[in-house]
Amino acid sequence: MMINARTFYFCSLFSLGIAILSCSLSNAADPITLDPALERVENSRIESVARAVPSAVSVFVPGGGGGGSGVMISPDGYALTNFHVTSPAGSFMRCGMSDGNVYDAVIVGIDPVGDLAMIRLLGRSDFPKAELGDSRAAEAGDWCMVIGNPFLLATNLKPTVTYGILSGVGRYQYPSGTLLEYGDCLQTDASVNPGNSGGPIYDADGKLLGIVGRCSFEKRGRVNVGVGYAISINQAKNFLGYLHSGRIVDHATLGATVSTEPEGGVVVSNILESSDAYRRGLRYGSEILEIDGRVVQTANDLQNVMATLPNGWRVKMSYRSEGKTVETLVRMMGVHLEDELLKKMAGALPPPPPRPQKPSQDDPDAEPQDPDAEQGDKPNKNENRPRQRGQGPAKPAVKIPQQVKDQLVERKGFANYHFNLAEQNSFIDALRNQFPATNTAIKPPSADEQQAWLITGETDQTPAQPVTIQVAADKMSLQIGQKTLEIDKRSEMYDVVTDGSAAGLLPALDAWRRMLNDGPRKFGESYYLGTMPLGGERPLRDVMVGLAGELEVRWLSHPDTGAVEAIEVFADRDGDPAELWLLREGDSKAMPSVIDLRYGIDSTLKINVKSWEEVPAEKLEWSAEKKSVKNSDKPNLEKAVGATQNTNDKDEVKV
Amino acid sequence: MNRLAAITLTVLFAASISDLPAEAPLGTWVRDAQKRVVKIYGAGGLKGLEAYQSGFLVSPEGHIATAWSYVLDVEPVVLLDDGRRFESKIVGFEPSLELAVLKIEATDTPFFELNEEPTVDWGDPVIAVSNLFNIATGNEPASVMQGTVASVTDLNARRGTFKTPYRGKVLILDLIANNPGAAGGAVIDSDGQLAGMLGKELRDSTTGVWLNYAVPADALRTTIGDIIAGRKSTVIDSATAMLPRKDSHNPNALGLVMVPDVLETTPAYIDTVSTDSPAARASLRPDDLILLVNGQRVDSQRTLRSLLRTIDRRDNVELTVQRDTQILPVTLQP
């Protein structure tokens with residue numbers, strides 16, 4: 001390793017003319033003495049390379065179908081690479097590391113739009129991992145290095161190191177083909193060649209800055225011309241949770257189009273009325289100032305930020321409209337419909353590799369190329385060729401090893417459902433290991449003795465009103481002061497959410513109780529979504545989704561404690577969900593001290609919890625005469641209802 | 001600058017504070033250079049001809065040095081580093097240096113000084129700042145690349161290998177600086193001084209190898225200075241009166257038969273030269289392109305005719321013509 005690093009370093013010294021100097025100034029017998037400052041720099045660089053190289057991964061598609069690079073990000077084998085590196089392999093690949101070993105690897109999750117893929121190398125729990133850096137802090141002119149497997153040279157599993165500087169940061173590269181979009185990416189003059197795809201770019205200290213994935217090529221053929229691009233590690237960080245879910249993930253859109261004003265500023269030129277941004281008051285002509293904590297001054301800036309956000313995230317946004325500055329939260333919609341993404345992805349997959357007898361046309365200069373479109377780095381096209389020649393069938397059948405099969409479950413919409421199941425299991429384990437499950441012994445559900453939740457407290461208004469919440473299997477009620485809202489039909493759950501009613505906390509509690517008792521397999525269609533901010537704030541929370549009839553329920557849990565912090569119930573896709581925030585003082589396993597029901601960004605009902613018990617259902621008291629939830633509820637909730645008025649219009653009309 | 005100094009400077013910009021654990025970024029120094037580099041948009045956009053290139057500011061009054069190319073066939077639009085957009089005027093060009101100077105209506109622009117003496121020699125570290133591939137748009141800073149001056153040499157040492165009219169010294173670079181759109185970009189030494197201007201893409205006609213080079217700043221200095229000072233303007237002096245047709249020169253009388261004038265701006269290519277004419281005596285040839293008439297820029301045959309109308313038929317006419325890769329001064333004697 002050190003030898004590699006030194007060789008590399010001396011090569012660069014030669015280019016600085018130093019070797020020539022040493023030859024001319026010193027006799028052959030004299031040892032070369034270096035300026036201490038130079039020596040320090042040299043040693044530092046050697047150390048950084050030595051630190052970075054062990055986490056580099058060389059990806060090979062089994063059966064000689066090409067390959068690329070990758071980088072290990074966790075000791076238990078999770079590595080990042082490009083979608084376009086894994087896509088020719090499908091679910092199984094072999095990966096070499098600089099320790100000289102080849103490991104079997106299985107696909108975990110893919111982001112076809114952002115060109116990211118997560119794979120898992122098997123067989124160790126102590127893989128050397130890269131230290132993630134902060135790509136937002138990187139600047140043009142920073143020294144950097146690219147480590148990987150250019151031209152698939154790493155047949156001895158020793159990766160290639162190239163050194164250079166960042167030529168630009170926050171670059172936007174238009175989609176190549178129909179899918180891949182590189183937003184907010186890094187541009188480097190360190191050599192990036194076919195085969196470097198998916199590999200790491202490190203800063204001068206050896207911290208991971210991004211995932212290399214694309215180059216500018218034009219008339220000079222498919223080799224480095226001094227312009228390589230890398231997906232920023234900060235974008236990758238946003239997607240890590242989504243990739244861990246084993247899903248095929250999508251990127252986010254605001255549901256608006258914007259333009260840069262001549263005198264500066266990002267102004268909305270078009271907006272979908274069904275978008276959350278519209279519900280939060282964003283209109284034609286509004287000026288977007290900041291999103292996800294980043295100031296935007298041009299449409300390009302906004303596009304850059306949006307390209308780094310996953311579908312479904314809710315982030316902070318501030319905008320100026322009619323002289324007023326509004327700070328709000330906005331939920332993102334997906335760039336694609338689910339089936340649309342799968343269809344496009346199929347289109348982006350490589351054509352079957354050429355058969356050996358077919359004459360090769362890989363003189364890049366001879367290929368007609370569109371000068372306007374930068375050529376995406378498609379290793380399946382060129383990188384493959386040298387390895388494919390002389391082989392028999394186009395796609396030789398690859399035998400998948402048992403240990404890979406053990407971690408591979410195929411399912412539509414997922415790259416590998418195995419990893420989603422694992423996340424579902426850890427979610428339900430965490431749910432069953434926190435309040436209220438830890439409060440009372442979990443009783444196995446039985447037809448004879450139905451359990452129910454009985455929650456008491458008072459509103460945080462002055463004067464405070466007593467609150468009683470009862471949640472049983474098929475009936476639930478919310479009593480505030482003298483007023484009681486009762487639900488005994490599933491369809492009423494949908495209505496209370498779309499109406500923005502205070503009773504919206506009932507379906508959230510009901511879902512929680514059912515999930516706790518039934519687990520994700522019996523709850524309904526359930527899956528682990530990934531991680532996202534809560535109320536626009538980090539850390540990113542784990543999100544579990546459960547579909548119950550017409551309702552979609554999301555649990556947002558703290559990544560460290562596993563404590564559920566919010567439950568969101570979506571009824572109408574084009575309306576605000578009911579959000580039940582659970583606030584605790586101190587102990588994450590304790591009873592929430594406050595539960596807060598919110599629609600949009602407004603709190604509808606805030607309750608200071610006094611007690612929260614599991615009781616036999618027959619002990620609950622129901623009002624003799626059931627009142628209509630909707631009617632009794634409305635006068636109290638003008639604000640919430642008002643907020644949803646616009647959203648009843650389901651026509652997606654662009655303004 | 002000698003090699004020893006080069007090493008010291010390498011260390012300086014690698015670790016400008018001696019106790020830094022690792023190499024310091026090129027940071028502010030790069031940023032200062034980027035602020036002086038501009039994006040230029042003009043003619044082109046057809047297959048293989050990019051409609052953009054780079055340039056850099058050389059005066060506080062908005063003078064911009066760039067590469068003389070087809071992009072400047074229309075009055076170019078200039079984008080400054082801060083995103084401001086300007087219409088520009090070509091105030092001068094020197095075909096033998098492949099240099100043009102543009103002017104925008106801006107003041108207090110940051111700019112590069114041009115040194116009289118060469119600031120770099122082989123072995124010296126440099127950075128190149130340009131908008132190669134038009135990667136940077138709007139207010140995005142230009143791209144920056146690093147490398148070394150590999151040699152300082154003459155391009156025409158092997159005649160005809162590289163098709164360029166430029167005959168002076170060039171800085172050969174070990175970085176892949178000369179990409180589409182990079183022409184006119186700035187090469188900076190480790191003091192932040194302008195070392196040279198990136199040239200147009202050049203490819204070895206036999207090996208197909210692309211050359212990475214820059215024209216040294218000291219070779220451009222005098223011409224840029226003359227153009228800024230107005231001593232060497234190629235702008236047509238509209239104040240000069242047209243003479244009566246019978247008193248002035250015209251192409252035919254000089255023996256110049258131009259290619260058919262079919263476009264609004266047909267380039268002033270010579271089709272044939274009449275025998276025993278001033279043009280024939282000056283050894284002009286078919287396919288010569290007339291660039292300047294008495295130092296004024298000829299952007300079309302129409303301009304050529306009107307410029308000749310301002311010259312007394314008894315006076316000499318000074319032409320600058322391009323013949324293949326040569327730039328030739330020619331005097332036509334009536």
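Let me start with strand E3 of chain B, residues 63–67. This strand is mostly covered: five of its five residues are buried. Keep in mind that this is a predicted model.

Which residues sit on the two faces of E3(B)? On one side we have His63(B), Ala65(B) and Ala67(B). On the other we have Ile64(B) and Thr66(B). All of them are buried, so to speak on both faces of E3(B).

Now the neighbours. E3(B) pairs with strand E2 of chain B, residues 52–57. The two run antiparallel, joined by three bridges. Take Gly55(B) as an example: its bridge partner in E3(B) is Thr66(B). That is one of the residues we just placed on a buried face. E2(B) and E3(B) form a hairpin, with five residues between the strands. Look at Gly62(B) there. Gly62(B) takes a positive phi, near 85°.

E3(B) also pairs with strand E7 of chain B, residues 99–103. Again the strands run antiparallel, here with five bridges. Ala65(B) has Val101(B) as its bridge partner in E7(B).

Next, a helix. H3 of chain B covers residues 217–229. Does the length add up? The 13 residues, at 1.5 Å each, should span 18 Å. The end C-alpha atoms are 17 Å apart, which agrees. H3(B) is not straight throughout: there is a bend of about 25° at Thr223(B).

Thr223(B) is also one of the buried residues of H3(B). The others are Ala217(B), Ala219(B), Leu220(B), Ile224(B), Ile227(B) and Ile228(B). What covers them? The cover includes E3 and E7 of chain B, our two strands from a moment ago. It also includes strands E6 (89–94), E10 (169–173), E12 (194–198) and E15 (213–216) of chain B. Right after the helix comes Gly230(B). Its phi is positive, near 85°.

Let's step back to the domains of chain B. There are two: domain 1 is 3–229, and domain 2 is 245–332. Their C-alpha centres lie 32 Å apart. How many residues does each give to the contact? Domain 1 of chain B gives six, and domain 2 of chain B gives seven. On the domain 1 side, the classes are three nonpolar, two polar and one charged.

Further along chain B is an open sheet of four strands. The order is E19-E18-E20-E21, with antiparallel pairing. Why is one side of E19(B) and of E21(B) left without a neighbour in the sheet? Because strand E19 (296–297) and strand E21 (326–332) of chain B stand at the edges, each with a single partner strand. Then take E18 and E20 of chain B. E18(B) is residues 289–293, and E20(B) is residues 317–323. Four bridges join them, in the antiparallel sense. Leu292(B) has Thr320(B) as its bridge partner in E20(B).

Last, chain A. This chain is divided into domain 1 (2–44), domain 2 (252–334) and domain 3 (418–648). In the contact between domains 2 and 3 of chain A, each supplies twelve residues. On the domain 2 side, strand E18 (314–321) and strand E19 (324–331) of chain A each supply at least two residues. The largest share, three residues, comes from E18(A). By class, that side has four nonpolar, three polar and five charged residues.

How values were computed. Residues numbered from 1 in each chain as written. Chains lettered and ligands numbered in written order. Predicted model: local features only at pLDDT ≥ 70, side-chain atom pairs only at ≥ 80, totals over all residues. Domains from an automatic or database assignment. Nonpolar A, V, L, I, M, F, W, Y, C, P; charged D, E, K, R; others polar. Buried ≥ 20, exposed ≤ 12 C-beta atoms within 10 Å, placed from the backbone. Pairing = 2+ DSSP bridges. Expected span 1.5 Å × (residues − 1). Bend = angle between axes of the 7 residues up to and from the residue.
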